[in-house]
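Trainee: I have a new model open and would like to walk through it with you. Could we take it one question at a time?

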Amino acid sequence: MGTLETWVVELNDIFWTYLLIPLVAVAGVWFTLRSKGVQIRLIPEMFRVFRDKPQSGVSPFGAFTISAAARIGTGNIAGVATAITMGGPGAVFWMWMMALIGGASAFVESVLAQLYKVRDTEPGTYRGGPAYYMQKALGMRWLGVVFAVLITLTFGFVLTAVQSNTITVATKGSFGSDASWFNPVLGVALAALLALAVFFGVKRLTAVTKVIIPVMAGVYLLAGLVIVFLNLGNVPGMLGDIIGGAFGFREVAGGAVGTAILQGVRRGMFSNEAGMGSAPNAAAAAETTHPVKQGLVQTLGVYFDTLVICTMTAFVILSANPTLGERGGADVTQAAFTSALGDWAGHLLTLVVFMVAFSSMIGNYYYGESNIQFITRSKSVMSTYRAMVVACAVLGAIGSVPLVWSLADVTMGAMVLVNLIAIIPLGAVAFRLLDDYLAQRRQGLDPVFRKDRVPGLRGEVECWDASDQDATPQQRMPVGSL
(Lines give C-alpha, C1' and ligand atoms only; values in the text may rest on other atoms or scores of the structure.)
Protein backbone atom coordinates (compact mmCIF):
# COMPACT_ATOMS: atom_id res chain seq x y z
CA MET A 1 0.00 0.00 0.00
CA GLY A 2 2.87 2.33 0.88
CA THR A 3 4.57 1.66 -2.47
CA LEU A 4 1.31 2.34 -4.32
CA GLU A 5 0.81 5.62 -2.46
CA THR A 6 4.39 6.70 -3.22
CA TRP A 7 3.90 5.90 -6.91
CA VAL A 8 0.64 7.85 -7.05
CA VAL A 9 2.23 10.88 -5.33
CA GLU A 10 5.15 10.86 -7.77
CA LEU A 11 2.76 10.56 -10.72
CA ASN A 12 0.79 13.52 -9.35
CA ASP A 13 3.89 15.69 -9.07
CA ILE A 14 4.96 14.98 -12.66
CA PHE A 15 1.43 15.36 -14.05
CA TRP A 16 0.75 18.66 -12.29
CA THR A 17 4.23 20.20 -12.59
CA TYR A 18 4.95 19.54 -16.26
CA LEU A 19 1.49 19.44 -17.84
CA LEU A 20 -1.41 20.71 -15.80
CA ILE A 21 -0.02 23.83 -14.10
CA PRO A 22 1.44 25.27 -17.34
CA LEU A 23 -1.80 24.50 -19.21
CA VAL A 24 -3.98 26.05 -16.47
CA ALA A 25 -1.79 29.16 -16.37
CA VAL A 26 -1.75 29.60 -20.15
CA ALA A 27 -5.53 29.11 -20.41
CA GLY A 28 -6.20 31.56 -17.55
CA VAL A 29 -3.92 34.21 -19.02
CA TRP A 30 -5.42 33.77 -22.50
CA PHE A 31 -8.99 34.08 -21.20
CA THR A 32 -7.97 37.13 -19.17
CA LEU A 33 -6.43 38.89 -22.15
CA ARG A 34 -9.21 37.92 -24.55
CA SER A 35 -11.93 39.16 -22.18
CA LYS A 36 -9.97 42.28 -21.20
CA GLY A 37 -9.89 41.15 -17.60
CA VAL A 38 -13.57 40.31 -17.20
CA GLN A 39 -12.92 38.78 -13.77
CA ILE A 40 -11.60 42.13 -12.49
CA ARG A 41 -13.38 44.64 -14.69
CA LEU A 42 -16.91 43.48 -13.88
CA ILE A 43 -16.65 42.89 -10.13
CA PRO A 44 -19.38 45.53 -9.39
CA GLU A 45 -21.63 43.82 -11.94
CA MET A 46 -21.12 40.50 -10.16
CA PHE A 47 -22.74 41.87 -7.03
CA ARG A 48 -25.62 43.40 -9.01
CA VAL A 49 -26.63 40.19 -10.81
CA PHE A 50 -26.20 38.23 -7.57
CA ARG A 51 -29.58 39.63 -6.46
CA ASP A 52 -31.58 38.38 -9.48
CA LYS A 53 -34.64 36.28 -8.62
CA PRO A 54 -36.19 33.72 -11.00
CA GLN A 55 -39.89 33.14 -11.57
CA SER A 56 -39.88 29.50 -10.46
CA GLY A 57 -36.53 27.73 -10.74
CA VAL A 58 -33.18 27.87 -8.96
CA SER A 59 -31.91 31.42 -8.48
CA PRO A 60 -28.36 32.53 -9.34
CA PHE A 61 -27.75 32.70 -5.58
CA GLY A 62 -29.10 29.18 -5.19
CA ALA A 63 -26.78 27.84 -7.87
CA PHE A 64 -23.95 29.80 -6.26
CA THR A 65 -24.60 28.10 -2.92
CA ILE A 66 -24.59 24.63 -4.54
CA SER A 67 -21.17 25.31 -6.06
CA ALA A 68 -20.00 27.01 -2.85
CA ALA A 69 -21.14 23.97 -0.89
CA ALA A 70 -18.76 21.83 -2.94
CA ARG A 71 -15.99 24.48 -3.09
CA ILE A 72 -16.01 25.48 0.57
CA GLY A 73 -15.03 22.23 2.20
CA THR A 74 -12.17 20.88 4.21
CA GLY A 75 -9.83 22.13 1.48
CA ASN A 76 -10.32 25.62 2.91
CA ILE A 77 -9.18 24.42 6.33
CA ALA A 78 -7.07 21.32 5.84
CA GLY A 79 -5.97 22.09 2.27
CA VAL A 80 -4.58 25.54 3.07
CA ALA A 81 -2.76 24.15 6.09
CA THR A 82 -1.26 21.40 3.94
CA ALA A 83 -0.14 23.92 1.32
CA ILE A 84 1.60 26.02 3.99
CA THR A 85 3.29 23.12 5.79
CA MET A 86 4.53 21.59 2.52
CA GLY A 87 5.13 24.70 0.40
CA GLY A 88 5.77 27.38 3.02
CA PRO A 89 3.87 30.67 3.43
CA GLY A 90 4.71 31.56 -0.18
CA ALA A 91 2.12 29.00 -1.29
CA VAL A 92 -0.57 31.43 -0.09
CA PHE A 93 0.53 34.04 -2.65
CA TRP A 94 0.24 31.51 -5.48
CA MET A 95 -3.21 30.52 -4.26
CA TRP A 96 -4.19 34.19 -4.65
CA MET A 97 -2.73 34.31 -8.15
CA MET A 98 -4.55 31.10 -9.03
CA ALA A 99 -7.85 32.71 -7.99
CA LEU A 100 -7.28 35.94 -9.94
CA ILE A 101 -6.20 34.22 -13.14
CA GLY A 102 -8.56 31.28 -12.72
CA GLY A 103 -11.52 33.64 -12.36
CA ALA A 104 -11.48 34.08 -16.16
CA SER A 105 -11.58 30.31 -16.68
CA ALA A 106 -14.44 30.02 -14.20
CA PHE A 107 -16.34 32.69 -16.13
CA VAL A 108 -15.91 30.93 -19.48
CA GLU A 109 -16.90 27.45 -18.29
CA SER A 110 -19.98 28.73 -16.42
CA VAL A 111 -21.22 30.83 -19.38
CA LEU A 112 -20.85 27.76 -21.61
CA ALA A 113 -22.71 25.61 -19.08
CA GLN A 114 -25.62 28.07 -19.10
CA LEU A 115 -25.69 28.36 -22.88
CA TYR A 116 -25.74 24.61 -23.52
CA LYS A 117 -27.91 23.54 -20.56
CA VAL A 118 -30.97 21.32 -21.01
CA ARG A 119 -34.37 21.25 -19.34
CA ASP A 120 -34.73 18.89 -16.39
CA THR A 121 -37.84 16.90 -15.47
CA GLU A 122 -39.18 19.40 -12.92
CA PRO A 123 -40.62 22.61 -14.42
CA GLY A 124 -38.22 25.52 -14.17
CA THR A 125 -35.17 23.34 -13.49
CA TYR A 126 -32.14 22.70 -15.69
CA ARG A 127 -29.01 20.61 -15.80
CA GLY A 128 -25.78 20.94 -17.69
CA GLY A 129 -22.02 21.26 -17.37
CA PRO A 130 -18.90 20.28 -19.27
CA ALA A 131 -20.28 16.93 -20.43
CA TYR A 132 -23.20 18.74 -22.04
CA TYR A 133 -21.18 21.39 -23.87
CA MET A 134 -18.70 18.75 -24.99
CA GLN A 135 -21.58 16.95 -26.73
CA LYS A 136 -23.67 19.90 -27.90
CA ALA A 137 -20.94 22.36 -28.90
CA LEU A 138 -18.08 20.06 -29.89
CA GLY A 139 -20.13 17.05 -31.03
CA MET A 140 -17.95 14.79 -28.86
CA ARG A 141 -20.32 12.80 -26.66
CA TRP A 142 -17.60 10.27 -25.89
CA LEU A 143 -15.50 13.03 -24.30
CA GLY A 144 -18.54 14.12 -22.29
CA VAL A 145 -18.98 10.55 -21.03
CA VAL A 146 -15.32 10.43 -19.98
CA PHE A 147 -15.75 13.67 -18.05
CA ALA A 148 -19.04 12.50 -16.50
CA VAL A 149 -17.36 9.33 -15.21
CA LEU A 150 -14.39 11.27 -13.83
CA ILE A 151 -16.47 13.83 -11.95
CA THR A 152 -18.82 11.18 -10.55
CA LEU A 153 -15.92 9.11 -9.23
CA THR A 154 -14.09 12.14 -7.85
CA PHE A 155 -16.89 14.16 -6.30
CA GLY A 156 -19.69 11.64 -5.84
CA PHE A 157 -17.61 8.90 -4.24
CA VAL A 158 -14.00 9.80 -3.36
CA LEU A 159 -14.52 13.28 -1.94
CA THR A 160 -17.69 12.24 -0.11
CA ALA A 161 -15.58 9.66 1.74
CA VAL A 162 -12.85 12.22 2.38
CA GLN A 163 -15.30 14.76 3.83
CA SER A 164 -16.90 12.10 6.04
CA ASN A 165 -13.48 11.03 7.28
CA THR A 166 -12.53 14.63 8.08
CA ILE A 167 -15.72 15.15 10.09
CA THR A 168 -15.05 11.94 12.01
CA VAL A 169 -11.43 12.78 12.80
CA ALA A 170 -12.30 16.31 13.96
CA THR A 171 -15.24 15.15 16.06
CA LYS A 172 -13.30 12.29 17.62
CA GLY A 173 -10.46 14.64 18.52
CA SER A 174 -12.85 17.19 19.97
CA PHE A 175 -14.55 14.63 22.22
CA GLY A 176 -11.31 12.78 22.97
CA SER A 177 -12.98 9.43 22.33
CA ASP A 178 -11.02 6.27 21.54
CA ALA A 179 -14.06 3.97 21.60
CA SER A 180 -14.16 1.48 18.72
CA TRP A 181 -17.88 2.14 18.15
CA PHE A 182 -17.47 5.91 17.71
CA ASN A 183 -16.48 5.99 14.04
CA PRO A 184 -19.11 3.55 12.74
CA VAL A 185 -21.92 5.21 14.72
CA LEU A 186 -20.94 8.68 13.51
CA GLY A 187 -20.63 7.35 9.96
CA VAL A 188 -24.15 5.93 10.05
CA ALA A 189 -25.47 9.23 11.46
CA LEU A 190 -23.77 11.18 8.67
CA ALA A 191 -25.11 8.77 6.08
CA ALA A 192 -28.65 9.20 7.43
CA LEU A 193 -28.41 13.00 7.24
CA LEU A 194 -26.98 12.83 3.73
CA ALA A 195 -29.74 10.46 2.63
CA LEU A 196 -32.37 12.97 3.76
CA ALA A 197 -30.73 15.60 1.55
CA VAL A 198 -29.98 13.59 -1.59
CA PHE A 199 -33.39 11.96 -2.01
CA PHE A 200 -35.29 15.26 -2.31
CA GLY A 201 -33.89 16.82 -5.50
CA VAL A 202 -32.01 19.97 -6.49
CA LYS A 203 -34.49 22.51 -5.08
CA ARG A 204 -34.23 20.90 -1.65
CA LEU A 205 -30.42 20.95 -1.98
CA THR A 206 -30.44 24.70 -2.49
CA ALA A 207 -32.72 25.14 0.51
CA VAL A 208 -30.20 23.28 2.67
CA THR A 209 -27.07 24.97 1.32
CA LYS A 210 -28.55 28.49 1.44
CA VAL A 211 -28.82 28.04 5.21
CA ILE A 212 -25.54 26.23 5.84
CA ILE A 213 -23.15 28.31 3.73
CA PRO A 214 -23.82 31.82 5.17
CA VAL A 215 -23.84 30.51 8.75
CA MET A 216 -20.64 28.53 8.23
CA ALA A 217 -18.82 31.39 6.55
CA GLY A 218 -19.93 33.94 9.12
CA VAL A 219 -18.88 31.89 12.14
CA TYR A 220 -15.53 30.97 10.65
CA LEU A 221 -14.66 34.47 9.46
CA LEU A 222 -15.66 36.06 12.77
CA ALA A 223 -13.53 33.65 14.79
CA GLY A 224 -10.65 34.13 12.35
CA LEU A 225 -10.81 37.90 12.60
CA VAL A 226 -10.62 37.66 16.39
CA ILE A 227 -7.51 35.46 16.17
CA VAL A 228 -5.79 37.76 13.67
CA PHE A 229 -6.64 40.80 15.83
CA LEU A 230 -5.18 39.10 18.94
CA ASN A 231 -1.96 38.46 16.96
CA LEU A 232 -1.89 41.81 15.17
CA GLY A 233 1.77 42.32 15.91
CA ASN A 234 2.67 39.23 13.89
CA VAL A 235 0.81 40.37 10.76
CA PRO A 236 3.63 42.42 9.12
CA GLY A 237 6.06 39.54 9.47
CA MET A 238 3.42 37.13 8.21
CA LEU A 239 2.86 39.19 5.06
CA GLY A 240 6.61 39.39 4.56
CA ASP A 241 6.86 35.61 4.78
CA ILE A 242 4.08 35.18 2.22
CA ILE A 243 5.66 37.53 -0.33
CA GLY A 244 9.21 36.44 0.41
CA GLY A 245 8.38 32.76 0.28
CA ALA A 246 6.52 33.16 -3.01
CA PHE A 247 9.65 34.32 -4.84
CA GLY A 248 12.26 32.41 -2.90
CA PHE A 249 13.53 35.39 -0.86
CA ARG A 250 12.84 33.45 2.32
CA GLU A 251 12.37 29.75 2.93
CA VAL A 252 10.13 28.69 5.78
CA ALA A 253 9.55 25.02 6.64
CA GLY A 254 11.48 23.99 3.53
CA GLY A 255 9.19 25.93 1.20
CA ALA A 256 11.37 26.66 -1.84
CA VAL A 257 9.79 28.70 -4.59
CA GLY A 258 9.07 25.70 -6.83
CA THR A 259 7.30 23.85 -4.05
CA ALA A 260 5.42 27.01 -3.10
CA ILE A 261 4.11 27.40 -6.66
CA LEU A 262 3.21 23.70 -6.96
CA GLN A 263 1.35 23.57 -3.65
CA GLY A 264 -0.26 26.98 -4.07
CA VAL A 265 -1.65 26.31 -7.55
CA ARG A 266 -2.61 22.73 -6.79
CA ARG A 267 -4.38 23.45 -3.50
CA GLY A 268 -5.80 26.67 -4.91
CA MET A 269 -7.44 24.77 -7.73
CA PHE A 270 -8.65 22.06 -5.37
CA SER A 271 -10.21 24.76 -3.20
CA ASN A 272 -11.81 27.14 -5.74
CA GLU A 273 -12.22 24.64 -8.63
CA ALA A 274 -11.66 27.33 -11.29
CA GLY A 275 -11.34 25.61 -14.67
CA MET A 276 -11.89 22.16 -13.15
CA GLY A 277 -15.32 21.71 -14.67
CA SER A 278 -17.20 21.05 -11.44
CA ALA A 279 -18.85 24.40 -10.68
CA PRO A 280 -20.43 24.66 -14.18
CA ASN A 281 -22.72 21.79 -13.21
CA ALA A 282 -24.25 24.06 -10.56
CA ALA A 283 -24.11 27.13 -12.82
CA ALA A 284 -26.26 25.35 -15.40
CA ALA A 285 -29.00 24.75 -12.82
CA ALA A 286 -29.74 28.47 -12.42
CA GLU A 287 -32.69 30.17 -14.06
CA THR A 288 -31.34 33.46 -15.35
CA THR A 289 -32.04 35.86 -18.22
CA HIS A 290 -28.52 35.79 -19.69
CA PRO A 291 -25.74 33.16 -19.51
CA VAL A 292 -23.15 35.84 -18.71
CA LYS A 293 -24.93 36.61 -15.44
CA GLN A 294 -24.19 33.16 -14.06
CA GLY A 295 -20.63 33.35 -15.33
CA LEU A 296 -20.17 36.49 -13.24
CA VAL A 297 -21.80 34.90 -10.19
CA GLN A 298 -19.56 31.83 -10.38
CA THR A 299 -16.46 34.02 -10.75
CA LEU A 300 -17.46 35.78 -7.55
CA GLY A 301 -17.61 32.33 -5.95
CA VAL A 302 -13.94 31.76 -6.80
CA TYR A 303 -13.01 35.00 -5.04
CA PHE A 304 -15.16 34.23 -2.01
CA ASP A 305 -13.59 30.82 -1.65
CA THR A 306 -9.93 31.73 -2.06
CA LEU A 307 -9.52 35.44 -1.35
CA VAL A 308 -11.83 35.36 1.68
CA ILE A 309 -12.15 31.89 3.26
CA CYS A 310 -8.71 30.46 2.35
CA THR A 311 -6.98 33.75 3.14
CA MET A 312 -8.57 33.78 6.59
CA THR A 313 -7.31 30.25 7.24
CA ALA A 314 -3.80 31.23 6.14
CA PHE A 315 -3.82 34.38 8.28
CA VAL A 316 -5.02 32.42 11.32
CA ILE A 317 -2.26 29.83 10.94
CA LEU A 318 0.56 32.25 10.17
CA SER A 319 -0.39 34.98 12.65
CA ALA A 320 -0.85 32.51 15.50
CA ASN A 321 2.45 30.94 14.37
CA PRO A 322 1.93 27.29 15.36
CA THR A 323 4.76 24.81 14.82
CA LEU A 324 4.76 23.80 11.18
CA GLY A 325 5.49 20.12 10.74
CA GLU A 326 6.39 18.12 7.67
CA ARG A 327 2.72 17.53 6.95
CA GLY A 328 -0.40 19.16 8.28
CA GLY A 329 -4.09 19.50 7.77
CA ALA A 330 -7.03 20.54 9.87
CA ASP A 331 -4.99 19.79 13.00
CA VAL A 332 -2.67 22.72 12.17
CA THR A 333 -5.63 25.09 11.88
CA GLN A 334 -7.13 23.62 15.05
CA ALA A 335 -3.84 24.22 16.89
CA ALA A 336 -3.95 27.86 15.82
CA PHE A 337 -7.53 28.25 17.07
CA THR A 338 -6.75 26.56 20.38
CA SER A 339 -3.52 28.46 21.03
CA ALA A 340 -5.20 31.82 20.39
CA LEU A 341 -8.63 31.36 21.96
CA GLY A 342 -8.45 28.32 24.24
CA ASP A 343 -9.78 24.78 24.14
CA TRP A 344 -13.34 25.89 23.38
CA ALA A 345 -12.16 27.18 20.01
CA GLY A 346 -11.14 23.64 19.06
CA HIS A 347 -14.76 22.58 19.56
CA LEU A 348 -15.91 25.56 17.52
CA LEU A 349 -13.66 24.51 14.65
CA THR A 350 -15.08 21.00 14.88
CA LEU A 351 -18.54 22.50 14.34
CA VAL A 352 -17.26 24.52 11.39
CA VAL A 353 -15.58 21.44 9.90
CA PHE A 354 -18.85 19.56 10.19
CA MET A 355 -20.78 22.35 8.47
CA VAL A 356 -18.36 22.85 5.59
CA ALA A 357 -17.72 19.15 5.04
CA PHE A 358 -21.38 18.18 5.14
CA SER A 359 -22.35 20.99 2.76
CA SER A 360 -19.56 19.76 0.45
CA MET A 361 -21.02 16.27 0.54
CA ILE A 362 -24.36 17.69 -0.67
CA GLY A 363 -22.73 19.68 -3.47
CA ASN A 364 -20.58 16.71 -4.46
CA TYR A 365 -23.67 14.51 -4.72
CA TYR A 366 -25.37 16.96 -7.07
CA TYR A 367 -22.38 17.04 -9.42
CA GLY A 368 -22.50 13.26 -9.76
CA GLU A 369 -26.28 13.23 -10.20
CA SER A 370 -26.19 15.75 -13.04
CA ASN A 371 -23.50 13.81 -14.88
CA ILE A 372 -25.11 10.41 -14.44
CA GLN A 373 -28.23 11.90 -16.03
CA PHE A 374 -26.02 12.82 -18.98
CA ILE A 375 -25.05 9.17 -19.43
CA THR A 376 -28.39 7.53 -18.66
CA ARG A 377 -31.90 8.41 -17.45
CA SER A 378 -32.35 5.03 -15.75
CA LYS A 379 -34.04 5.41 -12.36
CA SER A 380 -32.39 2.25 -11.08
CA VAL A 381 -28.93 3.59 -11.94
CA MET A 382 -29.72 6.84 -10.11
CA SER A 383 -31.02 4.96 -7.07
CA THR A 384 -27.86 2.85 -7.06
CA TYR A 385 -25.73 5.99 -7.27
CA ARG A 386 -27.55 7.56 -4.32
CA ALA A 387 -27.10 4.40 -2.26
CA MET A 388 -23.38 4.29 -3.10
CA VAL A 389 -22.91 7.94 -2.11
CA VAL A 390 -24.56 7.26 1.24
CA ALA A 391 -22.38 4.15 1.66
CA CYS A 392 -19.25 6.23 0.94
CA ALA A 393 -20.17 8.45 3.90
CA VAL A 394 -20.02 5.38 6.15
CA LEU A 395 -16.85 3.97 4.59
CA GLY A 396 -15.09 7.33 4.85
CA ALA A 397 -15.89 7.55 8.55
CA ILE A 398 -14.41 4.15 9.40
CA GLY A 399 -11.44 4.23 7.02
CA SER A 400 -8.10 5.96 6.56
CA VAL A 401 -7.90 7.89 3.30
CA PRO A 402 -4.36 9.10 2.52
CA LEU A 403 -4.28 7.00 -0.66
CA VAL A 404 -7.78 8.17 -1.58
CA TRP A 405 -6.62 11.81 -1.33
CA SER A 406 -3.75 11.03 -3.69
CA LEU A 407 -6.04 9.24 -6.13
CA ALA A 408 -8.43 12.19 -5.94
CA ASP A 409 -5.58 14.43 -7.07
CA VAL A 410 -5.14 12.22 -10.13
CA THR A 411 -8.82 12.14 -11.06
CA MET A 412 -9.24 15.88 -10.40
CA GLY A 413 -6.24 16.57 -12.59
CA ALA A 414 -7.75 14.44 -15.33
CA MET A 415 -11.01 16.41 -14.98
CA VAL A 416 -9.15 19.68 -15.44
CA LEU A 417 -7.32 18.38 -18.50
CA VAL A 418 -10.51 17.16 -20.22
CA ASN A 419 -12.40 20.37 -19.36
CA LEU A 420 -9.64 22.65 -20.66
CA ILE A 421 -9.53 20.67 -23.91
CA ALA A 422 -13.16 21.75 -24.36
CA ILE A 423 -13.26 25.33 -23.08
CA ILE A 424 -10.13 26.62 -24.82
CA PRO A 425 -11.65 26.30 -28.32
CA LEU A 426 -15.12 27.28 -27.02
CA GLY A 427 -13.89 30.41 -25.24
CA ALA A 428 -14.72 32.51 -28.31
CA VAL A 429 -18.41 31.59 -27.89
CA ALA A 430 -18.42 32.83 -24.28
CA PHE A 431 -16.83 36.12 -25.33
CA ARG A 432 -19.44 36.69 -28.04
CA LEU A 433 -22.10 36.37 -25.35
CA LEU A 434 -20.11 38.78 -23.16
CA ASP A 435 -20.12 41.35 -25.99
CA ASP A 436 -23.92 40.99 -26.28
CA TYR A 437 -24.34 41.39 -22.52
CA LEU A 438 -22.18 44.53 -22.35
CA ALA A 439 -23.96 46.05 -25.37
CA GLN A 440 -27.30 45.74 -23.57
CA ARG A 441 -25.88 47.11 -20.33
CA ARG A 442 -24.50 50.14 -22.17
CA GLN A 443 -28.08 50.80 -23.31
CA GLY A 444 -29.13 50.79 -19.66
CA LEU A 445 -31.01 47.48 -19.96
CA ASP A 446 -31.10 44.42 -17.74
CA PRO A 447 -29.67 41.97 -20.33
CA VAL A 448 -31.91 39.27 -21.77
CA PHE A 449 -30.43 36.66 -24.11
CA ARG A 450 -31.99 34.86 -27.07
CA LYS A 451 -29.90 32.68 -29.34
CA ASP A 452 -30.95 34.68 -32.39
CA ARG A 453 -29.17 37.71 -30.89
CA VAL A 454 -25.83 36.00 -31.57
CA PRO A 455 -26.18 34.23 -34.93
CA GLY A 456 -23.96 31.32 -35.88
CA LEU A 457 -23.50 29.93 -32.38
CA ARG A 458 -21.57 26.72 -32.38
CA GLY A 459 -23.52 23.50 -31.85
CA GLU A 460 -27.03 22.87 -30.50
CA VAL A 461 -28.53 25.47 -28.13
CA GLU A 462 -31.71 24.11 -26.53
CA CYS A 463 -32.96 26.55 -23.89
CA TRP A 464 -32.62 30.06 -25.30
CA ASP A 465 -35.40 30.36 -27.90
CA ALA A 466 -37.36 33.58 -28.22
CA SER A 467 -40.36 31.91 -26.53
CA ASP A 468 -38.25 31.25 -23.44
CA GLN A 469 -37.38 34.92 -22.96
CA ASP A 470 -40.25 36.94 -24.41
CA ALA A 471 -42.11 36.83 -21.11
CA THR A 472 -39.14 38.36 -19.33
CA PRO A 473 -39.39 42.17 -19.32
CA GLN A 474 -36.25 44.19 -19.89
CA GLN A 475 -35.88 46.75 -17.17
CA ARG A 476 -33.84 49.91 -17.29
CA MET A 477 -30.86 49.53 -14.97
CA PRO A 478 -28.21 52.01 -13.80
CA VAL A 479 -25.34 51.62 -16.19
CA GLY A 480 -22.65 52.56 -13.67
CA SER A 481 -19.10 52.12 -14.88
CA LEU A 482 -20.26 50.33 -18.03
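Trainee: Let's start with Thr6: does Thr6 count as buried, exposed or partly exposed?
Mentor: Keep in mind that this is a predicted model. Thr6 lies in helix α1, which covers residues 2–34. Buried means under 20% relative accessible area and exposed means over 50%. Thr6 has 44% relative accessibility, so Thr6 counts as partly exposed.

Trainee: What distance separates the C-alpha atoms of Thr6 and Ser406?
Mentor: Along the chain, Thr6 and Ser406 are 400 residues apart. In space, their C-alpha atoms are separated by 9.2 Å.

Trainee: Lys36 caught my eye too. What is its phi?
Mentor: Lys36 lies in the loop between α1 and α2. Most residues other than glycine have a negative phi. Lys36 is not a glycine, yet its phi is positive, at about 55°.

Trainee: And is Lys36 buried or exposed?
Mentor: The cut-off for exposed is over 50% relative accessible area. Lys36 has 68% relative accessibility, so Lys36 counts as exposed.

Trainee: Stepping back, what percentage of the chain's residues count as buried?
Mentor: The chain has 19 helices and 2 strands. Among contacts with a separation of 6 or more, 83% are between residues 24 or more positions apart. Of the 482 residues, the share that counts as buried is 60%.

Trainee: Which helix gives the most to the largest nonpolar core?
Mentor: That core holds 68 residues, and Leu112, Leu115, Tyr133 and Leu296 touch the most other members. The helix giving the most to this core contributes 16 residues and spans residues 402–442. That helix is α18.

Trainee: How many residues are in the second, separate core?
Mentor: Among its members are Trp96, Ile309, Ala336 and Met355. The second core has 40 residues.

Trainee: Back to Leu115: which residues is it in contact with, leaving aside neighbours within four places in sequence?
Mentor: Leu115 is one of the residues that touch the most other members of the largest core. With those neighbours left aside, its contacts are Pro291, Val429, Leu433, Phe449, Leu457, Val461 and Trp464.

Trainee: Phe449 and Trp464 are both aromatic pair partners; what angle lies between their planes?
Mentor: Both Phe449 and Trp464 are buried. Their ring centres are 5.6 Å apart and the pair is edge-to-face. The angle between the planes is 70°.

Trainee: Are the rings of Tyr132 and Phe374 stacked or edge-to-face?
Mentor: A search of the whole structure finds 8 aromatic pairs. In this one the ring centres are 5.0 Å apart and the planes are at 70°, so the pair is edge-to-face.

Trainee: How many residues apart are Tyr132 and Phe374 along the chain?
Mentor: Tyr132 and Phe374 are both buried. Tyr132 sits in helix α7 and Phe374 in helix α16, so to speak of the pair as a link between distant parts of the chain is fair. The separation is 242 residues.

Trainee: Which residue has its charged end over the ring of Phe374?
Mentor: A similar arrangement involves Lys117, which lies over the face of Tyr126 at 3.9 Å from the ring centre. For Phe374, the charged end is 4.6 Å from the ring centre. It belongs to Arg141.

Trainee: How many residues of α16 are buried?
Mentor: α16 has 33 residues and reaches 49 Å from its first C-alpha to its last, close to the 48 Å expected. It is largely enclosed by the rest of the structure, because the number of buried residues is 27 of the 33.

Trainee: What arc do the buried residues of α17 cover?
Mentor: The buried residues of α17 include Met382, Tyr385, Val389 and Ala393. They lie on the same side of α17, because the arc they cover around the axis is only 140°.

Trainee: In α9, which residues are exposed on the other side from the buried ones?
Mentor: The buried residues of α9 include Phe182, Leu186, Leu190 and Leu194. They cover an arc of only 155° around the axis, which puts them on the same side of α9. Exposed on the other side are Val188 and Leu196.

Definitions and conventions
Residues numbered from 1 in each chain as written. Predicted model: local features only at pLDDT ≥ 70, side-chain atom pairs only at ≥ 80, totals over all residues. Heavy atoms only, no water. Core = buried A, V, L, I, M, F, W, Y, C linked by side-chain atoms within 4.5 Å. Buried < 20%, exposed > 50% of the residue type's maximum accessible area, 1.4 Å probe, protein only. Helix = DSSP H or I, 4+ residues; strand = E, 2+ residues; numbered from the N terminus. Contact = heavy atoms within 4.5 Å. Arc of directions from axis to C-beta. Phe/Tyr/Trp six-rings, centres within 6.5 Å; stacked < 30°, edge-to-face > 60°. Lys NZ or Arg CZ within 6 Å of the ring centre and 35° of its normal. Expected span 1.5 Å × (residues − 1).
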